[in-house]
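Please read the following with the sequence and the model open side by side. The text takes one helix as its starting point and works outward from there.

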Amino acid sequence: MINLQLLINTLSIQTKSNEQEEMIEYIKSFLDTINLSYTRDTYGNIYVIKGTGTNGYRCIVSHLDTVHSRVENRKIYKQDDILFAFGNHINSTYKNWSQCGVNGDDSVGVYLCLHALLEEDDLKVVFFLNEEIGRLGSNQCDITFFKDCNLVLQPDRNGNSDFINISAGIEMCSKEFLELIKDDLTEHKYKVATGVATDVDVLKKRGVDVCCANISCGYYEAHTDNEYVSLKDIANCQNLIKTIFTKYGCTCIYFWSNIYVK
């Protein structure tokens, strides 16, 4: 079930690339309320560990930045299934009070990470800085943090149906893993697809040898003032992540080999 207030609170934070301190403070405050500690690397990425990871860790990541400039008096509104934002904003058509980006890309991913910290155990979470301007955070992150992770998921894809296996030309999942989750993807109306680029393909390129994926998480019209998010699509992504974590999160799925180990 969607935690609507947590989602609205997260979307309400304005967090343009290189201007992410408000979101960082928001995440730190959230972690304090649930008694979880965090670490940060020299670049500023945030790392959280929950549980002992006896059988390895599930891992979910997101990026903190968006492309949208700050808008005064910005508020999130709900109409049926949709969340969108209005504020005192000037664009090419309207002046003053008008629609502006709701920060779905990738504050929805941040929400899903925070929600997972409430719901899951044996979990690792990373919040990357500055994905939108060249995946800078993931290129600077501590890659050893992922050494005991069984799989890495990133909800950072528009729409409601893509399970990205090839990103930036990099294959991220083994054929065995895709076969293993095929029925789960079908049940949630997802399909294996190809994407452009995000943080998980950087992790693969830097040597993370378990299956990774980027997942559609219910935002639309990204990088525009018309951006909106769908509650039912976010919920469906949330449920798919939970299904994969529950069924396969304690299973190490090797990427380069032709076997998987339970």
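**Helix 3 and its surroundings**

Of the 16 residues of helix 3, 14 are buried, so this helix is largely enclosed by the rest of the structure. The model is a predicted one, and every value below is computed from it. Helix 3 covers residues 104-119. At 1.5 Å a residue, its 16 residues should span 22 Å, and the C-alpha atoms at its two ends are 21 Å apart, which agrees.

One peptide bond here deserves a look. D105 and D106 are joined by a cis peptide bond, with omega at about 10 degrees. D106 is itself part of helix 3.

What encloses the helix can be followed one neighbour at a time. Helix 2, residues 21-33, packs on helix 3 at an angle of about 15 degrees, and the two axes are 11 Å apart. That angle makes helix 2 roughly parallel to helix 3, because angles under 35 degrees are counted that way. On the helix 2 side the contact is made by M23, Y26, I27, F30 and L31, and on the helix 3 side by S107, V110, L114, L117 and L118. The crossing of helix 2 past helix 3 is right-handed.

Helix 8, residues 231-248, is another neighbour. Helix 3 and helix 8 pack at an angle of about 45 degrees, with their axes 11 Å apart. The two are therefore oblique to each other. Their crossing is right-handed. Helix 3 contributes V108, Y111, L112, H115 and E119 to this meeting, and helix 8 contributes I234, C237, Q238 and K242.

Helix 1, residues 4-12, has L6, L7, I8, T10 and L11 as its buried residues. What do these buried residues pack against? Their partners include helix 2, helix 3 and helix 8. Strands also take part: strand 4 (72-79), strand 5 (82-88) and strand 14 (228-230) are packed against by the buried residues of helix 1.

**Two loop residues with positive phi**

After helix 3 the chain enters a loop that leads to strand 7 (123-128), and D122 lies in this loop. Phi of D122 is near 50 degrees, a positive value in a residue other than glycine. D122 counts as buried, at 16% relative accessibility, because the cut-off for buried is under 20%.

K189 likewise has a positive phi, of about 65 degrees, although it is not a glycine. K189 lies in the loop between helix 6 (182-187) and strand 11 (191-195). Is K189 buried or exposed? With a relative accessible area of 66%, K189 is exposed, because the cut-off for exposed is over 50%.

**Cysteines without a disulfide**

How many disulfides does a search of the whole structure find? The search finds zero. C59 and C149 show why a pair of cysteines can fail the test: the sulfur of C59 has its closest cysteine sulfur in C149, at 4.2 Å, which is too far for a bond. Taken from the other side, the closest cysteine sulfur to that of C149 is in C59. A disulfide would need the two sulfur atoms within 2.5 Å. Both residues are enclosed: C59 counts as buried at 0% relative accessibility, and C149 counts as buried at 2%.

How values were computed
Residues are numbered from 1 along each chain as its sequence is written. This is a predicted model: local features need pLDDT of at least 70, side-chain atom pairs count only at pLDDT 80 or more; totals for chains, interfaces and linings use all residues. Side-chain values use heavy atoms; hydrogens and water are left out. Buried means under 20% relative accessible area, exposed over 50%, partly exposed in between (1.4 Å probe, protein chains only). Helices (H or I, at least four residues) and strands (E, at least two) are DSSP runs, numbered from the N terminus. The expected span of a helix is 1.5 Å times one less than its number of residues. Axes are lines fitted to C-alpha atoms, for helices over the stretch in contact, and angles run from 0 to 180 degrees between N-to-C directions. Angles under 35 degrees count as roughly parallel, over 145 as roughly antiparallel, 65 to 115 as roughly perpendicular and the rest as oblique. A crossing is left-handed if the near helix is turned anticlockwise from the far one by less than a right angle, and right-handed if clockwise. Contact means heavy atoms within 4.5 Å.
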